[in-house]
Amino acid sequence: MSGAPTRPSPIRRGVLRDLRHMLLYAGKRLVALLLTVLVGVYLTILIANMGGQVDELRLVQIRSQAAEAVRADPAFQDLTAVERNALIERQVALEVERLRLDQPFVVRSVDYLQRAMRLDLGRAEQMHSDLGSREVYAIIVERLPATLLLFGTANLLVFFSSVFVALYLSRRYGTLLDRSVIALAPTSAAPAWFYGIFLILLFAFVMPWLPAGGMVAAPPPESRWEYAASLLRHMLLPLAAMFLSAIFISIYSWRTFFLIHSSEDYVEMARAKGLPSKLIERRYILRPTLSPIVTSFLLMLIGLWSGAIILEQVFNWPGLGSLLFQAIGHRDTPVIIGAVVIFAYLLAVTVFLLDILYALLDPRVRIEGGRR
Amino acid sequence: MPEFDALAERLQRRDYRSWEERQAMMARALELSMQDSVRVWLIDQLNVSPRAANVEVAIDLAGGLSGSALWPYTVRYTDRVGGQMVFGTPGLLTEPWNPVAGSNWIFDQMLIRATDDPVVIPDPFTGLFWPQRLTTAEVTVQQDVPVGRTLDWLSLDTAAEIVVPEDAWVGWDAAAGRFVTVGEQYPDGVTARTRVRVHYEDEFFERRWHDGSRLSLADLVLPWILAFERADEASPLFDVAHLPTFEAFVRHFRGWRIVSRAPLVIEVYSDQIFPDAESIVAARAPAPGPWHTLFLGILAERSGELAFSANKADRLQVAWMSLVAGPSLPILARHLRSASERELVPYPTVLADFLGKNEVGERYRALAEWHRQRGHFWVGNGPFQLHSVHPIEGSVVLRRFADFPDPADKWLRFSRPEVPELDLDGPMVVQAGEAAEFRVNVTFEGRPYAREAIEDVQYLLFDGRGELAERGEAEALDDGLWRVSLAPHAVAALAAGANSLEIAVTSRRVALPAFVSHVFATVPGDGRGAGR
């Protein structure tokens, strides 16, 4: 009948229902992740300030710095002790006002939190970017390329090398090479900076082939190609340190992972059918294991954000790790919060994306309420 | 300990009438400090600055390499002329650089000093100042003021009363844009405890800034105006963080005036004293700063875009001004274009009189070209110019300033501190009732130490109980050779047993005494004869 209302087809109904469920699920996940970020950031604020106890330390530090500055300045040598003490108090008051230490910590902590959640990173209290800016955003962004370059290169190298070597070894279980890698896996117990120290000793001093630290030569080469070559030379030792420290355990864990999946019934069936090994690897092992591989890859990518505090210190690498080290040393709360809040948001966004990606990559995964 | 507290404060304020009184106060304070030694102590620290074997540089005995004022004038390879040198410092560009209230970190200051040519330079071994851009200085102090002079490039005399001339400048009227004279501020006149008259070298205004522009009198006057403006609450340049320094300054400042423009002679009146006349000159002599870069900073702070000091920058929530890198540079570049187009002169009612013909346009053009080539605004007149800045890589490049007027060996005599090396020779056994003679060899690197370079050779004789038995001064025999003679009665006064002779040598060339000691035994008169 032409005027009768048309009912949506069952397929369309199914899509709409799936979409509704997906949006509901996404909404819940977003709220949960936001709450996680909120709690994580506030905990960071509390810990970085030791629940407000750092204020006491800062006051002592401000007072001693003001006293030292007044004492050492020849301009104030003619003042009497009373005048000098009054001057010190005046300087302390200026600094307390600048750092808002006259406000209760709770008030400041809530202010830090609401600004952090809005990604308003504000101004650092003590630090500057290398270029001289007080803006936390500028301070962090300035160090980002150095960290991304070094850690991105190292982690991508480790990730892809280990996945492919692990896949190769999983097919040669029990060979000499396989056993050697297993034997070397415990070497990854030592952190990268530990290897870094020995590499510096060997290749920068015993055999002075490579620079001991820094990002480029001093003075930096003026030609772009020479600059890149110098950068590469400076990257070699930290890269080698990170590679050495991570590669064997990474191969070992992926190899074990692939071995477990290689012994699944459907893989055995494929082998029994006489399918070529490349096809088995690609379709029967890699495809079903894609979700954990992608998860690991994405978490590795956002892990770049934090850099590595000690490694960057050992190699004098101007990245986010050494920035965080300085910020902790200066007790510069806005910089610490800035670094953490960006990491927290990146992590939340990644987790959210992974939830969606899982559904796309693995047909076994169904969103809540979906067809079974 | 109230007595010690009072003494320490008086000593710090140099509240004494004569050198003898000061020494007595110091001796008493030392004694009291020993009684309270749980809380009062000296830190004796040794810092090491490693360098390549073929590198020579003047290092400050107290401040090390980073605190050395002469490092840029003396650093060189011993086996070749010129070359490129790479050196590392624990920090670099820690805070923004600006000439008013920029980075005060020691490693930044070390580099800044290389780009600056002060009018006097401290001796790295004694702390006394030598002239760099001055020919001479005349210091006059009130009769009761205990001041001494060591170096002969300056003179020191006393006066019963030092009246500040009426036409000397003592303040700044920000609203009217003019200096306030002593006559206006002190209608009944004012006196000062010191007067310093500094004579700049004849070629002073022939010197050039790194951007090629010539120095002018405005370079000396603008920094003074700025110091007053920054303390004036009505001024857009007012900075509350500057007030304490300014207030301490005006407590002792009594005025200054330009006595002659060619050659340049300036008089400064003040109530502040230092024990050394050289230090008084260093504290008072006006030093030039390039007015054109300073003015860009003034314009940026006036417009509320940048601030000279960290405190003001944080209060205004703007960037702390940096002339070398960062977000300040585009702001300063904009102000340079604007000032250049309109040929702006800072405080024209005063400074126009001190500017050379066509100077304004030439300055701005030179600075624009400098900025185009190097990307920053850091202009000085020192032996090195800031060629390039690499903040993220953590390096800067300093290059030789081709127009620097001095020969490379002008300050080389300060490359090595001539700390006296001592050798004390004398009898091991002395018979009671006999005289004893000891010889002190004072050398440096094997060569005898010139007699006139030695300030004092003192000896202290301690008996077997460690108590001071006698003290006196050694007698000079020749360059590097001194004699200590103990009279028979002095030896007889020592009990039989082991004694110690301590020698302390102070040099005029280094403020670091050298010590040596010799142990000898005294035996009764009927004992064995003296031997070596």
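Me: What percentage of the 372 residues of chain A count as buried?
Reply: The model is predicted. A residue is buried if 20 or more other C-beta atoms lie within 10 Å of its own. Of the 372 residues of chain A, the share that counts as buried is 29%.

Me: Is chain A more spread out than a compact globule or not, and what is its radius of gyration?
Reply: Chain A consists of 14 helices and zero strands. For 372 residues the globule rule gives 21 Å, and chain A is well over that, so it is more spread out than a compact globule. Its C-alpha trace spans about 95 × 80 × 40 Å along the principal axes. The radius of gyration of chain A is 28 Å.

Me: Is B:Leu412 buried, exposed or partly exposed?
Reply: B:Leu412 sits in the loop between β17 (395-400) and β18 (421-425) of chain B. A count of 20 or more other C-beta atoms within 10 Å would make a residue buried, and 12 or fewer exposed. B:Leu412 has 15, so it is partly exposed.

Me: How far apart in space are B:Leu412 and B:Thr74, C-alpha to C-alpha?
Reply: In sequence, 338 residues separate B:Leu412 and B:Thr74. In space, their C-alpha to C-alpha distance is 5.7 Å.

Me: Which element gives the most to the side of chain B that touches chain A?
Reply: 35 residues of chain B are in contact with 28 residues of chain A. Elements giving two or more residues to this side of chain B include α1 (2-12), β16 (384-390) and β17. With six residues, the element that gives the most is α7(B).

Note on methods
Residues numbered from 1 in each chain as written. Chains lettered and ligands numbered in written order. Predicted model: local features only at pLDDT ≥ 70, side-chain atom pairs only at ≥ 80, totals over all residues. Helix = DSSP H or I, 4+ residues; strand = E, 2+ residues; numbered from the N terminus. Rg over C-alpha atoms; globule rule 2.2 N^0.38 Å. Contact = placed C-beta atoms within 7 Å.
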